[in-house]
Amino acid sequence: MAAICAYLDYNASAPLIAEARAAMVGALDAANPSSVHTEGRASRRLVEDARRDVARLVNAKPEHIVFTSGATEAASTLLTPDWQMGRGSIRMCHLFVSEADHPCILNGGRFAPAQVTKIGVDPNGIADIEALAAALAAHDKAAGLPLVAIHAANNETGVIQPIGRIGEIVKAAGGVLVVDAVQAAGRIPLDMSIPYADYLILSSHKIGGPKGVGAIVAASDLMMPRPLINGGGQEKSHRAGTENVAGIAGFGAAARAALASLADMDAIASRRDEVEAIVRDLAPDAEIFGNGAPRLANTTFFAIPGVKAETAQIAFDLAGVALSAGSACSSGKVGPSHVLKAMGHGDSLGALRVSIGRATGADDIAAFRAALAGIVARRAGKEEAA
């Protein structure tokens, strides 16, 4: 088996950047940040510095950042019927999600299945805005507020949702909007000063930070979900447990780099276009999904007739190219994409995802081309034999 020489799976996890590694190493001996002694205060500074860096990435206030163990915990915290405003309670009686959302959103968090409505998407993966507006208009506001959760950018196709328009619809309906910004952060500008989302979900390892760290970003501190993890008063009592100082420090460093890297998106888009030109050249009958809608600069999701995604993924791996057959968030299982099914492509179609980053170079693209050429040649050989 060839050693991996081309890493094209940034949407699964971006490689740990040097700045994040250095920040983590420097914080490994940190004391408990809740301690009042000198060492504890030094640890607290590391956490608060990172909080400011994460806030800058999405133009939010640092005091509105709550660190979690990752995006899934952040989603499970936010997707709950039980909220609090000051000492009072607020009830979210129904959750609306898109059929193409990440599993941590589709799961519904702490809502019962009967309290979750899934909104369809069009053939490009854009949420059905009219269906969402109609569903919210029909919602019984006397029973409680509607909560809408949707991804800013899809993890498989890279398709970008019209979050501004969705936010307008949700606000007009008196609802609350949670935006899964895991794939969008560091790839498109995000600005919490613009009133489109009430909460964002972020993940450290998608932007070159360590795994096991994420964040909830709130537009204000007037209303927050009841904690998922109770105990001490850490994170202003929104998330109990001693903070992961080293992980948070790495997250902050990655956030600084991600903010700076927004200027690199045009160059990354050019590399993505090169990948897609290779796909079309070697397999003219290939289908690239979501290319009729705005997409992230780094993502290509495609299928080649007659080529099984799981077989092709193995072939790429043997050739030293790391990419995904859809999402990498299903315990390593390869199967039909629920995103493609939501887009109207049925259950059986398999697809491959190439997702790149700042470190992706010409050699990586060349390795992809060589591996894909071999896969297409084997397909042609099978067709001739048949």
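Reader: Is K236 buried or exposed?

Author: K236 is exposed, with a relative accessible area of 55%. Keep in mind that this is a predicted model. K236 sits in the loop between β10 and α7. Its phi is positive, about 55 degrees, although K236 is not a glycine.

Reader: Which residue in the loop between α2 and β2 also has a positive phi without being a glycine?

Author: That residue is N59, with a phi of about 50 degrees. The loop that holds N59 joins α2 (38-57) to β2. N59 is partly exposed, and its relative accessible area is 41%.

Reader: On to strands. How do I read the two faces of strand β2?

Author: In a regular strand, side chains alternate between the two faces of the sheet. For β2 (residues 65-68), I65 and F67 belong to one side, V66 and T68 to the other. The four residues are all buried, so both faces of β2 are covered, given that buried means under 20% relative accessible area.

Reader: Which strand does β2 pair with, and in what sense?

Author: β2 pairs with β9 (residues 214-218) in the antiparallel sense, over four bridges. To place one residue, take F67: its bridge partner in β9 is A215.

Reader: What else does F67 touch, if I leave out its neighbours within four places in sequence?

Author: The contacts of F67 are V47, A50, R51, V54, G214, A215, E235, R239, I248 and F251. F67 also belongs to the largest nonpolar core, which has 55 residues. Together with V58, L200 and L202, F67 touches the most other members of that core.

Reader: Which helix gives the most to this core?

Author: Helix α7 (residues 245-261) does, with ten residues. A further core of 32 residues lies apart from this one, and its members include I278, A286, I304 and A309.

Reader: How do I find the buried side of a helix such as α5?

Author: An α-helix has 3.6 residues a turn, so residues three or four places apart point the same way. In α5 (residues 129-137), the buried residues include I129, L132 and L136. These three cover an arc of only 60 degrees around the axis, which puts them on the same side of α5. On the face turned away from that buried side are the exposed residues E130 and A137.

Reader: What do the buried residues of α5 pack against?

Author: They pack against three strands and a helix: β4 (88-98), β5 (116-119), β6 (145-151) and α6 (163-172). The N-terminal end of α5 is capped by D128, with a side-chain oxygen 3.3 Å from the backbone nitrogen of E130.

Reader: Past α5, is H139 buried or exposed?

Author: H139 is buried, at a relative accessible area of 11%. H139 is placed in the loop between α5 and β6. Not counting residues up to four places away in sequence, H139 touches C93, H94, F96, G144, L145 and P146.

Reader: C93 is a cysteine. How many disulfides are there?

Author: A disulfide is a covalent bond between the sulfur atoms of two cysteines. Here the count comes to zero. C93 counts as buried, at 17% relative accessibility, whereas C5 counts as exposed, at 53%.

Reader: Where is P225, and what does P225 touch?

Author: P225 lies in strand β10 (residues 224-225). With a relative accessible area of 3%, P225 is buried. Its contacts, not counting residues up to four places away in sequence, are T77, L78, T80, D82, W83 and Q84. As for T72, this residue is 153 residues from P225 along the chain, and their C-alpha atoms are separated by 15 Å.

Reader: What is the strand order in the open sheet of three strands?

Author: The order is β11-β12-β14, with antiparallel pairing. An edge strand pairs on one side only, and here the edges are β11 (287-288) and β14 (352-355). Strand β12 (residues 299-303) is joined to β14 by four bridges, and the two run antiparallel. Within that pairing, T300 stands opposite V354 of β14.

Terms used: Residues numbered from 1 in each chain as written. Predicted model: local features only at pLDDT ≥ 70, side-chain atom pairs only at ≥ 80, totals over all residues. Heavy atoms only, no water. Core = buried A, V, L, I, M, F, W, Y, C linked by side-chain atoms within 4.5 Å. Buried < 20%, exposed > 50% of the residue type's maximum accessible area, 1.4 Å probe, protein only. Contact = heavy atoms within 4.5 Å. Pairing = 2+ DSSP bridges. Arc of directions from axis to C-beta. Polar contact = N/O pair within 3.5 Å; in protein donor to acceptor, adjacent residues only side chain to side chain. Disulfide = S-S within 2.5 Å.
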